[in-house]
Structure formats: structure tokens, C-alpha cells
Amino acid sequence: MRICPICNVPLEPEAYEGLQILRCPQCAGHLVDCSRYESIKRIPEKSRAELEAEAQAGFQGDNAASIRCPRCHVTMFKKPIPIPGYSLRLDLCYDCALVWLDGGELALAQLAHQASPAFQDIQEMKQRAAALDADPERKAAFDEACAKLPEAQDPFTAGLHEAIRNAFFQIATHPMRIRIR
Ligand SMILES: [Zn+2]
Ligand SMILES: [Zn+2]
């Protein structure tokens, strides 16, 4: 059993976006292992509005006091996460690969991630792929162009084909409606 590093009460299991994590019933802080924390940030399950509501409901200001890892009890390392309007600092134990997030900070960390350029690029690609699927004529031209590529026999050719397919995708989903043929 893990104890809340702030309230000293037992943490309770919680299913969060399909993943099992621990939550404090008093301060609403979360203890999450690093791999699950990375997964939660990448799951686009909640909309921006939902995350903002969740952050506002739980956020009580960043806890400035240093806290101890609920597993090994060493002082956790504070890591700042840039997000406009908030002072967000995660508490990390590198040895245990655990993250402590004060109330509302898990939602804030997801908002910060969604605002990052890498996430925006992925979202744009998904939107373009969906737009291509919704246009049968363009989709057929794209599939036909990709099918013309000969089978890749070695990693170099496979990499080259991947790059060509990406170029076809860029053309097929280009807003100016450029044709592949
Ligand atoms: Zn607590
Ligand atoms: Zn630890």
C-alpha cells in the first residue's frame, strides 16, 4: 500500500483513461509510474474543455514543499512543465520511476502536452488521413500510386518506399487538391 506524501492517508486505485493509477481521496493528487504517465499524456481521450474543467476542479496551486517518494522515501525531484497561466512542477523519483502530481496537475500536464508542436503535428496528420479516407476518388489514386511501388527487399529500399509513400500522402492530402498522376 502507498501513502499520500502530503496527507499521509492510503492512496486508492483509480481507473484513469483506461489505466490503473493511484489517487489520494483527500487532496486528489495522483501517483503514477513514468510509463503510464507518458501513455496518459498521449491518449487523446479527453477534449481540451474536459481537461480544463478537470484541472480547475482539482488544482489547488503547486505544492512548493519538497515531498518524499511514497515508495522509497527519498526526496523527490521537482521538474517544471511549461504551461501558460499555471506554475506546474511535477515531483519525480528517478529510482522508482514514479511521478507525483498534485490535484489537477495530471489534467494540466495533458494540456501542456497537447499544446506542444509534436502533438499538433500528429493531430494534423490524423485529420488529413481522415479527410483522405472520406474522399474515395483521392483515396483510390493514393492506393494505386502506393501499389505501384515494387516490393522492398532490403531495409534501405523499405525506408525509401516509406519516404515515397509519405510524399504521396502529402500530395494526396494537400489542401490545393494536387493530383498524383
Ligand atoms: Zn493527499
Ligand atoms: Zn522512490
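Which domains does the domain assignment give for the chain? The assignment gives domain 1, covering 12-115, and domain 2, covering 118-172. The model is a predicted one. Between the C-alpha centres of domain 1 and domain 2 the distance is 36 Å. The points below deal with a six-stranded open sheet, with helices H1 and H3 that lie against its strands, and with the packing of helix H2 on H3.

**The sheet**

- Six strands make up an open sheet, and their order is S1-S2-S3-S6-S5-S4. The pairing in this sheet is antiparallel.
- S1 and strand S4 (77-81) are the edge strands, each of them pairing on one side only.
- On average, and with direction ignored, neighbouring strands of this sheet are turned by 35° against each other.
- Strand S5 (residues 88-93) pairs with strand S6 (residues 98-101) in the antiparallel sense, over three bridges. In this pair, cysteine 93 stands opposite leucine 98 of S6.

**The S1-S2 hairpin**

- Five bridges join S1 (residues 12-16) to strand S2 (residues 19-23) in the antiparallel sense.
- Glutamate 14 has isoleucine 21 of S2 opposite it.
- Two residues lie between the strands of this hairpin, and glutamate 17 takes a positive phi near 50° there.
- None of the five residues of S1 is buried, so the strand lies largely in the open.

**Glutamate 12**

- Glutamate 12 belongs to strand S1.
- Is glutamate 12 buried or exposed? Glutamate 12 is exposed, because 12 other C-beta atoms lie within 10 Å and a residue counts as exposed at 12 or fewer.
- Not counting residues up to four places away in sequence, glutamate 12 touches Leu22, Arg23 and Pro25.
- Glutamate 12 and leucine 108 are separated by 96 residues in sequence, and their C-alpha atoms are 21 Å apart in space.

**Helices against the sheet**

- Helix H1 (residues 34-42) packs on the sheet and touches S1, S2, strand S3 (30-33) and S6. The direction of H1 makes about 100° with that of S3.
- Helix H3 (residues 105-114) lies across S3, S4, S5 and S6. H3 runs at about 105° to S5.

**Burial of H3**

- Why is H3 largely enclosed by the rest of the structure? Seven of the ten residues of H3 are buried, and H3 is therefore largely enclosed.
- The buried residues of H3 are Glu105, Leu106, Ala107, Leu108, Ala109, Gln110 and Leu111.
- The cover over these buried residues includes the strands S3, S4, S5 and S6 and the helices H1 and H2.

**Packing of H2 on H3**

- Helix H2 (residues 48-58) packs against H3 at an angle of about 145°, and the two axes are 8 Å apart.
- The crossing of H2 with H3 is left-handed.
- H2 contributes Arg48, Leu51, Glu52, Glu54, Ala55 and Gly58 to the contact. H3 contributes Ala107, Leu108, Gln110, Leu111 and Gln114.
- By type, the residues of the contact of H2 with H3 are five nonpolar, three polar and three charged.
- Ala107, Leu108, Gln110 and Leu111 of H3 take part in this contact and are among the buried residues of H3.

Technical notes
Residues are numbered from 1 along each chain as its sequence is written. Chains are lettered from A and ligands numbered from 1 in the order in which they are written. This is a predicted model: local features need pLDDT of at least 70, side-chain atom pairs count only at pLDDT 80 or more; totals for chains, interfaces and linings use all residues. A residue is buried if 20 or more other C-beta atoms lie within 10 Å of its own, exposed if 12 or fewer, and partly exposed in between; C-beta atoms are placed from the backbone. Helices (H or I, at least four residues) and strands (E, at least two) are DSSP runs, numbered from the N terminus. Two strands pair if DSSP finds at least two bridges between them. Axes are lines fitted to C-alpha atoms, for helices over the stretch in contact, and angles run from 0 to 180 degrees between N-to-C directions. Two residues are in contact if their C-beta atoms, placed from the backbone, lie within 7 Å. A crossing is left-handed if the near helix is turned anticlockwise from the far one by less than a right angle, and right-handed if clockwise. Ala, Val, Leu, Ile, Met, Phe, Trp, Tyr, Cys and Pro count as nonpolar, Asp, Glu, Lys and Arg as charged, and the others, Gly among them, as polar. Domain bounds come from an automatic or database domain assignment.
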